[in-house]
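Good morning, colleagues. I would like to take a few minutes to introduce a structure that is new to our group. Please look at the sequence and the model as they appear.

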Amino acid sequence: AFNIGRDYETGPPELSACKILDELRKLARLNGIAFVAGILEGKCNSAYWIDATGRQLMCHKMADDLKDIYDPCTECCDEQNPIDCGNARVGTLICMDATDAKGDIKRRRNALLARLREADSAKIVCVPARFYRTTPGPSGAFSGCWHIVADGVYCSRSLVADTSGNIQVEANGQNEVKTCPLTVNTLSVSG
């Protein structure tokens, strides 16, 4: 999961959403990896799947953090969420959509988790975020799924947790890129 690593209250990123997505695609191709990235584009807060071949819009954020930076999505928030990729099914929830207990948001989260758990393959939940204070640790709600959080705040936690909630990789309190090899063997042993 990827987040641009800055306060979005300061305004839109210096690079356009299209430029950020293109640069991530280049990194994906160069390194043989894929990203789920939270991107502000106009008044939308959206998550994209990015790999060497291009990008796919996955979803839009529902929860309203009352910052007036984006318009919360009120209907049809999941464009293509989750996505099947090789031996894994990857879903995403943007920031508060992964933690908010409000009715519609919780129902959507539970529906996404049910779609993830239907798969015979490994299950991964990516959370591109900018949590206000601290990143919540691995949640029991995501048990049985790998849980990846990319928090764009230097004092919060970006992490990769396995299906039991054990943290496998954690950023050191900085906005840095960390990877965790989710190979066929890794996913099948922990999944």
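I begin with an open sheet of 3 strands, placed in the order 1-2-3 and paired in the antiparallel sense. Its edge strands are strand 1, residues 35-41, and strand 3, residues 54-60, each of which pairs on one side only. From one strand to the next, the twist averages 35°. I should say at once that we are looking at a predicted model.

Within this sheet, strand 2, which covers residues 44-51, is joined to strand 3 by 6 bridges, and the two run antiparallel. To give one partner in detail, Ala 47 has Cys 59 of strand 3 as its bridge partner. Across strand 1, strand 2 and strand 3 lies helix 1, formed by residues 17-31, and this helix runs at about 170° to strand 1.

Let me now turn to strand 7. Is this strand, residues 146-151, enclosed or open? Buried here means under 20% relative accessible area. In strand 7, 6 of the 6 residues are buried, so the strand is largely enclosed by the rest of the structure. Trp 146, Ile 148 and Ala 150 point one way, while His 147, Val 149 and Asp 151 point the other way, and all are buried.

Which strands pair with strand 7? Strand 6, residues 122-129, pairs with strand 7 in the parallel sense over 6 bridges, whereas strand 8, residues 159-161, pairs with strand 7 in the antiparallel sense over 3 bridges. Val 149 illustrates both pairings: Val 127 stands opposite Val 149, and Val 149 also stands opposite Leu 159 in strand 8.

Thank you for your attention.

Terms used: Residues are numbered from 1 along each chain as its sequence is written. This is a predicted model: local features need pLDDT of at least 70, side-chain atom pairs count only at pLDDT 80 or more; totals for chains, interfaces and linings use all residues. Side-chain values use heavy atoms; hydrogens and water are left out. Two strands pair if DSSP finds at least two bridges between them. Helices (H or I, at least four residues) and strands (E, at least two) are DSSP runs, numbered from the N terminus. Axes are lines fitted to C-alpha atoms, for helices over the stretch in contact, and angles run from 0 to 180 degrees between N-to-C directions. Contact means heavy atoms within 4.5 Å. Buried means under 20% relative accessible area, exposed over 50%, partly exposed in between (1.4 Å probe, protein chains only).
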